[in-house]
Amino acid sequence: MVKTKLILVLLLVTQMAFSQKKSRAARFFEQGDYINAALQYEEDLNREGYSKEILENITTSYYNTFQFRKAYRYLKYLTSGKFYNRDKSYDNRYNFMMYQVLSALGEYEKSIEFLTLYSLNDSEEDFSKVEAIEIIEDFKLKDDDYTIAKVEFNSDASEFGAIKRDSVVYFTTDRSPHSPLDKDYKWTHRPFLDIYKITVDRNNNPVSDIEIISKEINSKLHEGNFCFTQDGNTIYLSKSNSEKGKKKFDSIKNNAIHLYKATKVDGVWTEPKKLEFNNINYSIEHPSLSSDGAKLYFASNMPGGYGDFDIYYVDVNLDGTYGKPINLGATINTKNREQFPYISEEGHLFFSSNGHLGLGMLDVFVSELRRGEFTRPINLGAPINSSFDDFSFSYYNKTDGFFASNRKNVGDDIYSFSQIGEIFPREYITRFEVRDFASDSYIVNSDVVLYNNDNNVVYESQLDSIAGFDIKLFPGKYNFKAAAEGYKTKTKPIAVKEKDQAVYVIYLDREKRKEQDVVTNDSNDSETNRVTDSSNVTDETNITNIYTETNKKKEEEITKTKLREILIADKDGPPVIEKNGKLYFEMPPIYFDYDKWNIRADSKKVLDELAVKLEKYKTVYIKISSHTDSRGTDSYNQVLSERRAESTRNYLALIGYVNARRMQFVGFGESQPLINCGDKVCTEEEHQTNRRSEFEIIKF
């Protein structure tokens, strides 16, 4: 007995000595308190220098608390081997983390380099950086399928997981503790998550106070994502694994998230009960029930999956039992995270992933249910997705719903959405025409070839007198080639949009005819003399014309000089300034959202004022030049800048009623930055400076 006590004392002393060797930062890190861990690691770096372990942990701490610029700062040192350890290798997961961080900072071309490195180190499969960039650029340049708006019942806390039933919206938030004595969650330094509800009008504006869903459901631990049965009398919810209000831990002190179920009896929710397929050693979370109630989908990090978290389902039996969890397979799941599944009324699967190519961090994807199988996931694109976390997507009717994002804050906010476009690929009736540039008339018997983006022939023919043809096409990039006798052959890149009856015209220029000189050796030839005489007459006439034209030019110069002075002196509306001998309208910035070309509301007023001034001076012609920031490839930024310049011209023409013939537009991409970012990651303010439009007066 004495020997046993002695051994216990020795073990205790050894354990205390070992724990004392761990730094304060390491203890915070192991407890999941990443905010304090990062602060302590900063002190350790100043005191001890850049070791591999400290760099790994401080980057993870900043990454987990969404401080991506700080995470990038230390990831650069780690991934370039700039630390004291002799062994300069590092875990491959930090290449993926760098891909995520650079994506969040908008530097997706640089980010793909680290995704390439991560993929090559992780498997023997080929990974094409060029193809990856093309895929991202394709869904970034497609037209928006949704409009979004932030809901009014957000707070400074995190809100997500919104579900609407009739006029009541249920959601998850950490805005207040379950009780005044509850501890904060170490990871966020915020209260634990609870489920709340609020009554809203048809526009999702609050018409009641926010209140908890039920004291029986909410506890002092986490209650997270949830779903209801069709009748609303059963709720499935994610909840911290606990028994009698106390956390249950696995062998390495992790408290998993499990699925629970509660029912409503006489309008009151019962205490949630664990589902039978939970396991203490892993998490099962984010439930979504099929419309017929026969299948329950969820995310889990259970062993045997493809990556971190995968999406599974179980059959819901009529007797209240459940089948075995079934993984949705490699079409849906990747080596990284797939979470927040949602099954629509039609059976389509929406989910969030950082493993499929996206705009950064978690993006929302959709997989169409076709003949009982889920198809390859499609990125929903902007504005649903951003370079930050976008998740907990769900519909409450055919076109409207909610999702959450932390794009504006460290915490999560709920956004409402309305679907305005097709989210699954389909063919559109598209018309192509060949016309004369000068006359706008059809070019008879023109030869045409239409190529897809892989340079395969989609259509080839010689057209008749009506030089046009109709064809069904999927949206995407094509090359339209046209040739005709007496015209220059031309190939034009075409971006086919999601629109029926769209018309794409290629204009051909006529070939210039070679002028044949008259050559003669007989100076006495009467025809030659006539030509000579005619030339002399022409010279005399030209002298007179030059004299007349010179006077006209002087008058025009006087008029232009006067108009120039008037333009510069007129301070109503956008002023006119001179730069490098050229005149420009001095305009406030025309803002575009990152990667978009639609005119934002805060810029419409600016363009409205310019339209008024252009209406005042009807002889003024302008050139609209658009510039992008340096994020993205040269070709992508060139297309983006052209679309921005064109949308600016279109707004002035369609909304401001300025004659379109008075406006030229051109895109310069990233070729003329005001701030040269080079290899560094610019701040958002520096990128915005480069992302600009200029309005040059080219004729008046």
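**Exercise 1. How many salt bridges does the count come to by the rule used here?**

Before starting, a word on the model. It is predicted, so local features need pLDDT of at least 70 and side-chain atom pairs count only at pLDDT 80 or more, while totals for chains, interfaces and linings use all residues. Residues are numbered from 1 along each chain as its sequence is written, and side-chain values use heavy atoms, with hydrogens and water left out.

Step 1: get the rule straight. A salt bridge is a side-chain nitrogen of Lys or Arg within 4 Å of a carboxyl oxygen of Asp or Glu.

Step 2: apply it. The count comes to 27 salt bridges.

Step 3: recall the idea behind it. Side chains of opposite charge can pair when their charged atoms come close.

**Exercise 2. Take the salt bridge between glutamate 113 and lysine 129, and work out which helices it ties together.**

Step 1: check the distance. The two side chains meet at 3.4 Å, N to O.

Step 2: place the partners. Glutamate 113 sits in helix α7 and lysine 129 in helix α8, so this pair ties together parts that are 16 residues apart in sequence. Helices here are DSSP runs (H or I, at least four residues), strands are runs of E (at least two), and both are numbered from the N terminus.

Step 3: look at cover. Buried means under 20% relative accessible area, exposed means over 50%, and partly exposed is in between (1.4 Å probe, protein chains only). Glutamate 113, at 42%, is partly exposed, and lysine 129, at 29%, is partly exposed too.

**Exercise 3. Arginine 407 forms a salt bridge with aspartate 390: are these two residues buried or exposed?**

Step 1: find the contact. The closest N and O atoms are 2.7 Å apart.

Step 2: locate both ends. Arginine 407 is in the loop between β24 (400–405) and β25 (413–419), aspartate 390 is in strand β23 (residues 390–395), and they are 17 residues apart.

Step 3: read the accessibility. Arginine 407 has 18%, so it counts as buried. Aspartate 390 has 0%, so it counts as buried as well.

**Exercise 4. Which residues of the largest nonpolar core touch the most other members?**

Step 1: define the core. It's a set of buried Ala, Val, Leu, Ile, Met, Phe, Trp, Tyr and Cys residues joined through side-chain atoms within 4.5 Å.

Step 2: pick out the residues. Of the 47 residues in this core, the answer is Tyr41, Val101 and Ile112.

Step 3: see where the core comes from. Elements giving two or more residues include α3 (34–48), α7 (108–122) and α11 (634–654). The largest share, 8 residues, comes from α6.

Step 4: link to the general picture. In soluble globular proteins, nonpolar side chains tend to be buried together.

**Exercise 5. Find the backbone oddities: which peptide bond is cis, and what is phi of histidine 286 and of tyrosine 657?**

Step 1: the cis bond runs from alanine 382 to proline 383, with omega near 5°. Proline 383 is in the loop between β22 (378–379) and β23.

Step 2: phi of histidine 286 is near 60°, a positive value in a residue other than glycine. Histidine 286 is in strand β13 (residues 284–289) and, at 8% relative accessibility, counts as buried.

Step 3: tyrosine 657 also has phi near 60°. Tyrosine 657 lies in the loop between α11 and β36 (663–667) and counts as exposed, at 67% relative accessibility.
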